[in-house]
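Visitor: Please take a close look at one helix pair in this model. I should like to know how the two helices are arranged and which residues bring them together.

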Amino acid sequence: MVHQVLFIVFGLICVAGAINLLLQRHPINSALSLVVVMASLALIYLLLGAEFVAAIQVIVYAGAIMVLFVFVIMLLNAGEEERTRGSRVALILGVPGVIILAATVGWLLVTGSGQLGSVTIASSDFGETHAIARLLFKDFLLPFEITSVLILIAIMGAVVLGKRES
Amino acid sequence: MDITTFIIAAVIKIALVVFIMLTGVAYTTWLERKLIGRIQNRWGPTRVGPFGLLQPLADGIKFILKEDLLPDYVHKGLFILAPMLALIMSLISIAVIPFGETITIAGHTTALQISGIIQAGGGISDINIGLLIILGVTSIGVYGVALAGWSSNSKYSLLGSLRASAQMISYELALGLSLVGILLLSGSLSLREIVQTQIQGSVDHPWLGFLPHWYIFPQIIGFFIYLLAAYAETNRIPFDMPEAETELVAGYHTEYSSMKFAMFFMAEYVNMFTVACLATLLFFGGWHGPQLAFLPPLLQSLLPVGYFALKVFFFIFLYIWIRGTLPRFRYDQLMAFGWKFLLPLAIANIIVTSLIVAWRA
């Protein structure tokens with residue numbers, strides 16, 4: 001019961017933040033809306049019992065990446081954006097597309113709600129740091145290490161590209 | 001424990017901890033002015049009350065009664081949001097800090113921690129990622145400083161907040177890495193469990209046979225990295241570049257007045273307390289200390305909290321002492337120090353610690 005109420009609250013905040021991100025004209029407001037989206041996502045993870053992922057979501061996305069976004073917006077002193085009339089293609093194709101998508105999802109949810117079933121969590125240590133560490137450093141060690149090498153290459157590439165001017 | 005008792009206990013604990021914390025903050029400003037005064041061979045506050053003890057109260061009244069200026073051309077929403085964000089984020093991290101074991105009042109046993117609950121079996125359940133929550137909340141706190149400087153629409157504020165953000169992002173790395181050694185030794189992210197391993201270790205196998213099993217001894221390098229990085233995180237001298245008054249007037253809070261300024265001030269001091277609490281829990285055995293068997297039971301159950309407070313006070317004292325002793329770094333020195341010295345040292349510390357842990361296992 002409490003879980004459901006909290007889920008609805010944070011889900012609504014998340015969606016509201018995402019819509020606000022699109023509607024705001026000032027880049028810093030958009031960036032801050034994105035922070036709200038990420039923080040409420042973290043809280044939804046927490047409700048699912050994935051504490052470690054929730055904390056990492058806050059530290060990495062809301063705390064590090066978005067701070068850099070805000071930092072860059074502040075440094076460039078980006079002003080308000082102009083509002084365009086919008087493209088005609090988006091109007092002709094987009095609006096019917098959204099209506100069709102919403103109708104399909106709604107119809108599926110209404111008709112198929114009996115068949116959705118429930119999900120059971122496999123083990124008691126689901127979402128705990130130990131369980132995630134075991135997966136990362138035992139079962140999926142090679143993909144994990146390759147990903148980290150990939151990120152390292154990306155960082156080095158960024159440094160090289162950034163230094164080329166001088 | 002049913003839900004009503006839980007909520008009542010939680011509300012009482014929150015109110016009590018916030019009250020003690022803010023009183024502590026107020027009297028830390030008094031202590032700071034007094035100590036800095038003595039260090040600089042003058043008296044410090046003496047006029048309000050005996051030894052100037054009512055000075056924080058007078059300051060508080062002054063902050064509330066001052067006119068709350070809203071300068072022209074500021075980004076209004078963010079200008080108001082920023083100090084609140086800074087203060088709230090600094091206060092949230094107190095929620096996961098344990099102050100002691102348990103306390104029993106009128107038949108109700110409760111954990112000495114806002115987020116700690118008593119399990120059915122009698123054990124204390126702690127939030128098992130306490131340390132990560134503190135790191136996460138601290139990293140959100142950067143927004144308060146960054147937005148304050150930007151929304152003020154003033155060059156001094158903007159420069160101050162750019163410095164502050166850069167400094168906090170840079171030192172967060174060294175800060176986080178300096179704690180990995182502790183995590184390797186204790187095998188847990190729960191603050192309560194980290195303290196328990198230290199207390200249990202002191203009973204089972206003290207260092208060199210007589211020293212308590214505190215992690216300061218094997219992690220002395222990690223401790224110094226933590227201390228330096230934490231000073232930079234809290235924007236205190238010798239790393240107070242964001243508010244360097246000789247260069248930037250007051251940095252990111254130049255344009256703030258009245259309670260909004262006070263909020264930044266309080267946030268800074270609450271952050272000092274968080275850093276001190278964390279250092280106590282991770283490196284100095286938390287509430288661990290000698291048991292005094294001759295005391296009455298209630299005092300005995302409060303004794304660990306006393307030890308905890310004493311250790312936290314030591315770190316607060318250290319903060320003030322260093323402020324009275326060291327000059328400010330230059331900005332490039334600060335960045336070079338963080339990235340070229342602290343970060344590699346922290347990584348080396350992790351490698352050596354993990355090698356030793358692996359060899360012992």
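Guide: What follows is an account of one helix pair and then of its surroundings. The model is a predicted one. The pair consists of helix α5 (residues 155-178) of chain B and helix α8 (residues 220-233) of chain B, whose axes come within 8 Å and cross at roughly 155°. Because angles over 145 degrees count as roughly antiparallel, α5(B) is roughly antiparallel to α8(B). The crossing in which α5(B) passes α8(B) is left-handed.

On the side of α5(B), the contact is formed by B:Gln167, B:Met168, B:Tyr171, B:Glu172, B:Ala174, B:Leu175 and B:Ser178. Facing them in α8(B) are B:Gly222, B:Ile225, B:Tyr226, B:Ala229, B:Ala230, B:Ala232 and B:Glu233. By class, the residues of this contact comprise 9 nonpolar, 3 polar and 2 charged.

Helix α5 of chain B also takes part in the interface between the chains. There, 16 residues of chain B are in contact with 15 residues of chain A. Both α4 (130-151) and α5 of chain B supply at least two residues each to the side of chain B that touches chain A. The most comes from α4(B), which gives 10 residues to that side. The side of chain B that touches chain A divides into 12 nonpolar and 4 polar residues, with no charged residues.

Note on methods:
Residues numbered from 1 in each chain as written. Chains lettered and ligands numbered in written order. Predicted model: local features only at pLDDT ≥ 70, side-chain atom pairs only at ≥ 80, totals over all residues. Axes fitted to C-alpha atoms, helices over the stretch in contact; angles between N-to-C directions. Helix = DSSP H or I, 4+ residues; strand = E, 2+ residues; numbered from the N terminus. Parallel < 35°, antiparallel > 145°, perpendicular 65-115°, else oblique. Left-handed = near helix turned anticlockwise from the far one by under 90°. Contact = placed C-beta atoms within 7 Å. Nonpolar A, V, L, I, M, F, W, Y, C, P; charged D, E, K, R; others polar.
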